Amino acid sequence: MELSTNEKLVLKAIGESGMMARDVSKATGLKVEAVTHAAYLLAEKGLASVKDEVRSEYVLTEEGRRYAEQGLPERVIHDALPHSGEPLSRLKERFTQSTIGIAMGWLRQKGWARFERRDGDTLIVPLPAPMSPDEEALSIIGKGGPQEGLQEKAMKDLLRRNIVEIKEEREKFIALTPEGLELKKKGVAVEEEVGQLTPEMLASGSWQGKPFKRYDVSAPVIMEYGGKKHVLRMAMDSVKRTLIEMGFKEMEGPMVDAEFYVNDILFMPQDHPARTQWDQFNLKRPKYIKQLPRDLVNKVKEVHENGGDTGSLGWNYRWDENIAKRLVLRGHTTSLTARYLAIYRKPPQKFFSVAPVFRNDAIDMTHLLEFYQIEGWVMDEQLSMRDLMGTFKEFYSRLGIEELRFKPTYNPYTEPSLEIYGKHPRSGRMIEVGNSGMFRKEMLAPYGIECDVIAWGLALERLLMILYGYEDIRDLHGPLCDINFLRSVPVIWQR
Ligand code: PHE
């Protein structure tokens, strides 16, 4: 049986009755991690057993650390008193209220001072004050000394005064098996092993003839969870980069916006079911946007009421500007598209955003009140549904998703409209990842845009579901999110 140097050292260090990893570390000079690691290797060979044991010890609180350095308040005050004593009023000029407050009771209790009433003041006269058991304990704990002999009453006082607290630590207890003990009795020779080749060793040739340490890449190790970006943030960065690489520019805009930009300009009739409090979050204060652009308002009103000069009949009702002025948390980022179309009215244009949206949905596995939408649009002289589908194919394949399905759907502001589906890797089900279409002329006419615009809104969380195979959106963010899932996500998005 081949043992590494560390395994041999650990084997030799442990007695008949077993030892805590920390004590083996002290005996061998190896780090605790190295001891634990070697112990597991020994355990795999049937030579040792490793058990978790909880051990508790006293540690200093922040206040305790201060006292360990400067002395307990009663000690500080006692040592500052002149032999003949000092009136309380004068003491109050030299020390803080809290130091004096704490010290008074303990000076009395420990018999370190006499108190005399004098002229409405209190004279404090010091008495002999040998080191008390709690001071001894404070010093031992502060220095990290052995805690076995600490006096019970002193510890109770220190705990009550919040100077020390009890820390419970999980530690490994290592014991040898009969086979391990037998091997140890036979004697194990520890020869020096080369664990790491250094330039010096190569230059001097000192490595020659020495055994080399073997690596066991399957040996258990302690997991380290370093700090990293949240998986959603990583995905967001990656999506943004991908779209920028595809030639898109980013849009920015308000999360709270007027219904005009969220709904009206998208040719959504004012009695549309999505525009009720059951679906969107309205603002109480302020309730309305101050101003809307006059020229657009007039044209939108016309298109809604009778279709204007688009050839459409419109929705045939009285359009109310006050409804358009209501402020809401945006339910989609198409409000950004609506704002940007007013600025960029001439082709060619390509814009995107990755930003939060809010919907008054019932929360379940696939719905939260807030999620991130990947919005985008392309404007050019002539575009078709092929361009739309091709853009999705390109975009998703850059993120490693090849299997897409499209399904016709309806939006008041696009015609034709398409839902996009991707395949969930676990269930194999096709899940909806977004919605899209070509903007209708009723939507583009108020801007005076006569060319084609294709547009979409995709869900960032659904994209993640497909990429990582998780099934419940609530694992990802919100109050119930699963810390183990978040920890296990590898950092692969940061290019
Ligand atoms: N706004 C739509 C949604 O939230 C997505 C979309 C954007 C559809 C642009 C068509 C055009 O589902």
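This briefing walks through a ligand site, the domains and a few backbone details of one protein chain. Keep in mind that the model is predicted. The ligand has 14 residues around it, and the space it takes up is the largest pocket. Away from the ligand, the chain is split into three parts called domain 1, domain 2 and domain 3.

**Around the ligand**

- If you want to find the site, start with the closest of the 14 residues that surround the ligand: His332, Thr334, Arg359, Gln373 and Tyr413.
- Sorted by class, the shell holds nine polar residues, three nonpolar ones and two charged ones.
- Three strands each give at least two residues to this shell: strand E11 (370–380), strand E14 (430–439) and strand E15 (452–459).

**Polar side chains by the ligand**

- Thr334 has a polar side-chain atom 2.8 Å from a nitrogen atom of the ligand.
- For Tyr413, a polar side-chain atom sits 2.9 Å from a nitrogen atom of the ligand.
- Gln373 pairs up with another element: one of its polar side-chain atoms is 2.8 Å from an oxygen atom of the ligand.
- How much of the ligand does the protein cover? On its own the ligand has 320 Å² of accessible area, and the protein covers 93% of that.

**Domains**

- Domain 1 comes in two stretches of the chain, 5–54 and 167–204.
- Domain 2 runs over 62–161, and domain 3 over 232–488.
- Looking at C-alpha centres, you'll find domain 1 and domain 2 lying 46 Å apart.

**Backbone details worth a look**

- Here's some background: most peptide bonds are trans, and most residues other than glycine have a negative phi.
- Arg285 and Pro286 are joined by a cis peptide bond, with omega at about -10°. You can find Pro286 in the loop between helix H13 (259–262) and helix H14 (294–306).
- Another cis bond goes from Pro347 to Pro348, and its omega is near -5°. Pro348 belongs to the loop between helix H16 (334–343) and strand E10 (349–358).
- Asn162 isn't a glycine, yet its phi is positive, near 60°. Look for Asn162 in the loop that lies between helix H9 (152–160) and strand E6 (164–176).

Notes:
Residues are numbered from 1 along each chain as its sequence is written. This is a predicted model: local features need pLDDT of at least 70, side-chain atom pairs count only at pLDDT 80 or more; totals for chains, interfaces and linings use all residues. Side-chain values use heavy atoms; hydrogens and water are left out. A residue is near a molecule or strand if one of its heavy atoms lies within 4 Å of it. A polar contact is a pair of N or O atoms within 3.5 Å; within protein, one must be able to donate a hydrogen and the other to accept it, and residues adjacent in sequence count only if both atoms are side-chain atoms. Accessible areas come from the Shrake-Rupley method with a 1.4 Å probe; for residues, only the protein chains shown count as cover. On a 1 Å grid over the protein atoms alone, a cavity is a set of points where a 1.4 Å probe fits but cannot get out, and a pocket is an open set with protein on both sides within 12 Å along at least five of seven lines; lining residues have an atom within 4 Å of a point. A molecule sits in a cavity or pocket if more than half of its atoms lie within 2 Å of its grid points. Helices (H or I, at least four residues) and strands (E, at least two) are DSSP runs, numbered from the N terminus. Ala, Val, Leu, Ile, Met, Phe, Trp, Tyr, Cys and Pro count as nonpolar, Asp, Glu, Lys and Arg as charged, and the others, Gly among them, as polar. Domain bounds come from an automatic or database domain assignment.
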